[in-house]
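Subject: Structure for you to look through

Hello,

Here is the structure you asked about, with my notes below it. Please open it first and then read on.

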Amino acid sequence: MSQKNRLQSGGRIDRSKPLTFTYNGKQYEGFAGDTLASALLANGVDLVGRSFKYSRPRGIVAAGAEEPNAIMQLGATEATQVPNVRATQQELFSGLVSGSTNGWPNVDMDIMGLVGKLGGKMMPPGFYYKTFMYPQSMWETYEKVIRQAAGLGRSPKEYDVDIYDKMNQHCDLMVVGAGPAGLMAALTAARGGARVIIADEQNEFGGNLLSSKETVDGKAAAAWVASVTKELEANENVIVLPRSTVNGYHDHNFLTIHQRMTEHLADRAPNGQIRARYHRVRAKWVVLATGAHERPLVFANNDVPGVMLAGAVSTYINRYGVVPGNELVLMTTNDNAYRTALDWHDAGRKVQAIVDTRKNPTGALVEAARERGITVMAGSAVIDVQGSKRVSGVSVASISEDGSKVTGSVKKLSADTVASSGGWSPVVHLSCHTGSRPQWNDEIIGFVPGKTVQKQLIAGAVSGNFTTSGALEQGHQAGAEALEKLGLKAADVAVPAAAEVKESKPMALFHIPHTKPTSQAPKQFVDYQNDVTASGIELACREGFESIEHVKRYTAMGFGTDQGKLGNINGMAIAAKFLNQSIPETGTTIFRPNYTPITFGAIAGRDCKELFDPERYSAMHKWHLENGAKFEDVGQWKRPWYFPKAGESMQEALNRECLATRESIGILDASTLGKIDIQGKDAREFLGRVYANAWAKLPVGRCRYGLMLKEDGMVFDDGVTSCLGENHFLMTTTSGGAATVLNWLEFYHQTEWPELEVYFTSVTDHWATMTISGPNSRKLLEELTDDDVSKENFKFMDWKPATVAGVPARVFRISFTGELSFEINVQANYGLHVWEKLFEHGAKYNLTPYGTETMHILRAEKGFIIAGQDTDGSVHPYDLGMGWAVSMNKPFSFIGKRGMQREDCVRADRKQMVGIKTIDPNIVLPEGAQGVFDPTASIPMPMVGHVTSSYWSANLGRSVALAFVKGGLDKMGEKVYYPLVDGRMVEAEICSPIFLDPKGERQNV
Amino acid sequence: MQQYSGFGLLKHSLSHHENWQRVWRNPTPKKKYDVIIVGGGGHGLATAYYLAKEHNITNVAVIEKGYLGGGNTARNTTIVRSNYLWDEAAHLYEHAMKLWEGLSQDLNYNVMFSQRGCLNLGHTLQDMRDIERRVNANRLNGIDGEVLDAKQVNEIVPILDCSDNARYPVMGASWQPRAGVARHDAVAWGFARGADMRGVDLIQQTEVTDFIIEDGTVVGVKTDRYGDIKADRVGCVVAGHSSVMAAKAGFELPLESHPLQALVSEPIKPILDTVVMSNHVHGYASQSDKGDLVIGAGIDSYTGYGQRGSYPTIEHTVQAIVEMFPIFSRVRMNRQWGGIVDTCPDACPIISKTPVKNLFFNCGWGTGGFKATPGSGNVFAASLAKGEMHEIAEPFSMFRFHNGALIDEHGAAGVAH
Amino acid sequence: MFYIYCPYCGEHREEEEFHNHGQAHIERPLDPDSCTDEEWGNYMFFRKNPKGLHHEIWVHAVGCRKFFNVTRDTVTYEIKEVYKMGEQPKVVAK
């Protein structure tokens, strides 16, 4: 199909580079330099979507980020689908595949449109709150139907094939927007030696200058833009970022930029390039030169395809060489938009009329139009539009001076395009992100950025200065001011000249009257994407939704993917008028990040999958992998969970590991335990304050177990701490709790007891720790060391330096299994060597590696707790039956002492930790099962405590469990019942939590 | 009073919707009320509604400094569930759940409560123990719940990555079928309409600047717009601003107000039918009836009244979502925002008498207030009506932070070994 | 995201390097054992939580691990001053 709307010459497209693309399955041609929107318009495609609620046909309205209708599905393959791409911002590339997102069976012939026509009257704002309620059971069915209509585009169903990057940037000045103001600000600051980043969402710099016929500095505006851009690019202190949207402005001058690297080239990033880069920028100063968006006028049937923004029409003509129609009617409240009629006329197509809402427009542009013989209908408005899938004509009538009502008879004009302009709204979005409220400015009829605590300057149209000369001047000023604030020398930059155009005063008009009252007139759209109409806003106000936030929420105005860039000001003004308030009284809603939608993948960057969180491995990890370990995530650690042999089930492996350990020797990689080196003359005193038990008398060479409590008396970590020297200790913590404990120690030291001389160093990663456990463990150790590890000279809870397998080691005779145990610590780099030596010598003892699960079983047989599994932040040592680990007589009131004596903590019926034996020894209770005393009680059943640990004990030939039971320590031998999810009621007996070797003889063999 | 129905819509469409009555009046306050509720969010409006409806106390004013439902009610991610661990919390949230289940009909206002089910994922063995513990407790408390394995989870949400490729593979989940989402604004508006209809005065754009306290008893409030307004009892339901109001009454609360952020994607065609939450990976998502993926995470670490938090929190949340749902990588984030949540040390609310007689506070809901809205209002209304705490509210006294009877709903501490 | 000056490192660093530790200048009672439940509860849990100027503790968690005080406006999020442990704020609410 030919490009029937393409001009023979002009524009910034390259006619020598034709590109083919498809839209809704049909192939079209455009040129390099086109956007998808300009190419569609060039080909005369009117229909780009169906509206969300009423399914009305919609066409392209705008030429940039504010486009509400042309929301496309992009992607040639399933994995490269992208929903909701604005055709106005998508650069055309060869092979681009696009489609409209709504309409069934297709956008041209849409069944829902019929429903919209018929049912539209039944669907005022908030209609769903008023119906679908009865009968109650039907809501699910109603909702399914409502949900059918949800969404615009669709999510891909396959995983993303592209990658994304992030960069952290620091700069002196961040310039947002590369129109005339932004370019001047950047140029001035850069020449003054500032480190500058300048970003613009478009593919090339220049902003509005790209679509204008103006001159700057005596040359075509684009030529001036090119020369400035070239200078900036050549400056090594400047980062130039086209196709880069500054989408968020956060506290302390932190900004985020979404740079699209390849979306203009292909569906899938070519050659493994990254698809998008996210810049996280910390700027000393910021210049917002974000420009302005044109405001459409609100009139009946203003959504018929062919109704466009005036500025957008000019952009399509001047930048893309596309005239999107044949007969134009322009409606305007200002002089500025006259340019569109001139552009249209100069492109050789017919301007039916300029309909100016003002009584006596004068300015230079008005004269220029008249000189070209264009009819100017002053004091009039387009009050209605004819046509359904394309404008076929308009109704024009004269209106009252304040624009509130139609005063004259209605005249029909033929037209296929209606351009409208209600003036310009500064793009205040970014200025709002850190909580600043925009201020209404009567002079420019719009909101401008309000007061802020950020180090922010503004320049150009965003400040309400809509002329090119003003933007250049203000941009220069902002650049100079930034230099001054940064303490840099002023730069010598001349402000280039731009033509001054004399314009007459614009009219503040937001809503074009109709002969009928708003409620009865044809729909006058305010927010296209959410189908919000003027009558809808009036209805919301009528029903009492008077706050602008209520209006927004009740009508859904501004909730679309365009976030109300076109409609919000009109909507507020319509509400204000209905409520008899001024616009500043009515106020504005606040814009939030993002300025335009941002790909999730770009925000996530590479921080998914294995990089989602660091994985930590012990020094013996390679061995574990080679020996078939299954792993468990513990904090960031990958810990061996169990070591199944070929064909073994998990339980079989555990049984084997458990029996081997108690019969001969097992070995555990315990490197992940947190290790904190504590030194200083007050180290001992400090330990006494942070542990519940006493440390004053622990001699060098001895180890002690301690419970660490919070101020409320509840257990939060535990571990063994060893005395390495009079002023030197090694603390161990749980694997997951190491960082928390270190922070805890530092916090108390630095904020409460800075007078204590004590130093903490994390040494977790410095040591590899392997625990050999079982009756033959001493024999094995003796084979690898010449040091004396005999029963007599190396007692339980001793530690000593030794040389193991030729490597200097610290060996601790501590036990978490109840067996004779040695915990061998060597420098991490020697870990694998020592581990392998142990296996070399251990084979004859059937040395068996075991993981966390067997460790859990073995310690549970002994009734040892695991902080975090058997505790949950609500139990104190006495609840655990561990009063032996509390020393109430220490001189210093240790952390947790006062807390555990509060009224609720000394109740008699607190839940206490006990052992649980199921009456049927073969039943292993699920961990988390809840106990009851009365199995016949009805729901809600009074619960008395849950099972925290539960295992099959191969050593005992039965199940064992640890559980909390209300008042359990006084209920030994009594029954407790566990009603399970599967319906079983398991009977069990309360017993001591020490199931094996209650006298503790095994660890002293 | 106008009743809402499909027939009513049809009737009004014939008169171009010109004759809809106001949803609520805009009254000038009286000199004195039986009860003043400070704060016109969901909880405050629900309180007023139940005072009028269930206790026949209609001489009530709700005083709101902004607009009705404009605080956290307007900013939450609308998840409703009752699968809490401890009995006290479970009873409170299940009380709310039962009210949710007939709320649209009770209010004659469709709050679009949609019971599409909620999965709380487990990624570690400890997660799974905690899930088992919670589900067992829920069932014995009469709350629906199941423990699912990874395969069952994947059957419910096929787009969730349940493979071993994830950094923390999904091991299973708790599943509450009755959980779901509701239309948050409608909840505030429905309660407001119901309260107004029964005679409650809803006073918007009016700030309570102080309490009037005589001999340790509150007797009214001072306002910026209408001067002093007397009351026999005052209930303060101001969420993030509770500490500020408590300071005016001369006491402190065990609260910190933190930014809580949330975000939505652009609307996409329905693809996620349930609520999926992961505490371990730190993100949750559901899809609204409009098609937006509604996404949230944890609070920011610092206190803040700015209704915004820090960017890395959003970044981590999005990472979590892409980690859980890799197909969303090319879907785009539309908007983010923040609320101010008043967090309690035990992650449970305060519904309580205070050191000032006749002054009651309902606060500390942290990140979980929306789901409790009807239940919170219901028990708070009963407490205000009788001057004594309702039995479900009783355990949530602020004085539990003195005697130690905390109700720790942070979930079992996630450390192990 | 905040930009925080660490008084020990002498540099501004990104918020991601720090953790917030809540209200500053809460002193642990010197004799906990003589505290009533109420006094102990107040120490542990009850907070000013001000809207406006707030003195709070931050730790340079992945930097020098030092704790320090920050005076910050909890509405505008401006950091008004940073001072070391044991020092008193100069910027205080009127």
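A residue is called buried when its relative accessible area is under 20%, and exposed when that area is over 50%. Please keep in mind that this is a predicted model.

Cysteines

By that cut-off A:Cys905 is buried, because its relative accessible area is 3%. A:Cys991 is buried as well, at a relative accessible area of 9%. Do these cysteines matter for disulfides, and how many disulfides are there over all chains? A disulfide needs two cysteine sulfur atoms within 2.5 Å, and the count over all chains comes to zero. A:Cys905 takes part in no disulfide, and the nearest cysteine sulfur, which belongs to C:Cys35, is 15 Å away. For A:Cys991, the closest cysteine sulfur is in A:Cys658 at 18 Å, so the two are too far apart for a bond.A helix in chain A

Helix α21 of chain A covers residues 831–842, which is 12 residues. From its first C-alpha to its last, α21(A) reaches 16 Å, close to the 16 Å expected at 1.5 Å a residue. Which residues of α21(A) are buried? They are A:Gly831, A:Leu832, A:Val834, A:Trp835, A:Leu838, A:Phe839 and A:Gly842. Seen down the helix axis, the buried residues of α21(A) fall within an arc of 165°, so they line one face of the helix.

A loop residue in chain A

A:Glu263 sits in the loop between β14 (254–260) and β15 (276–288) of chain A. A:Glu263 counts as buried because its relative accessibility is 16%. Leaving out residues up to four places away in sequence, A:Glu263 touches A:Gln90, A:Phe93, A:Arg275 and A:Ala276.

Annotated regions

The next three regions come from UniProt, in each case from an unreviewed entry.

- "domain: FAD/NAD(P)-binding" is placed by UniProt at residues 172–427 of chain A. That span is 21% helix and 36% strand, with its end C-alpha atoms 23 Å apart.
- "domain: SoxA A3" is annotated by UniProt for residues 522–606 of chain A. Here the span is 44% helix and 8% strand, and the end C-alpha atoms lie 51 Å apart.
- "domain: Rhodanese" is listed by UniProt for residues 35–79 of chain B. This stretch is 31% helix and 20% strand, and its end C-alpha atoms are 30 Å apart.

Domains of chain B

The domain assignment divides chain B into domain 1 (27–78 + 185–254 + 346–413) and domain 2 (115–179 + 256–343). The C-alpha centres of domain 1 and domain 2 of chain B lie 29 Å apart. The contact takes 17 residues from domain 1 of chain B and 20 residues from domain 2 of chain B.

Chain C

What does the secondary structure of chain C come to? It comes to one helix and six strands, in the order β-β-β-α-β-β-β along the sequence. The C-alpha trace of chain C spans about 45 × 30 × 20 Å along its principal axes. Chain C has 94 residues, and 50% of them are buried. Among the contacts in chain C with a separation of 6 or more, 46% are between residues 24 or more positions apart.

Regards

Methods
Residues numbered from 1 in each chain as written. Chains lettered and ligands numbered in written order. Predicted model: local features only at pLDDT ≥ 70, side-chain atom pairs only at ≥ 80, totals over all residues. Heavy atoms only, no water. Buried < 20%, exposed > 50% of the residue type's maximum accessible area, 1.4 Å probe, protein only. Helix = DSSP H or I, 4+ residues; strand = E, 2+ residues; numbered from the N terminus. Expected span 1.5 Å × (residues − 1). Arc of directions from axis to C-beta. UniProt positions renumbered as here; feature names shortened; annotations may be inferred. Domains from an automatic or database assignment. Contact = heavy atoms within 4.5 Å.
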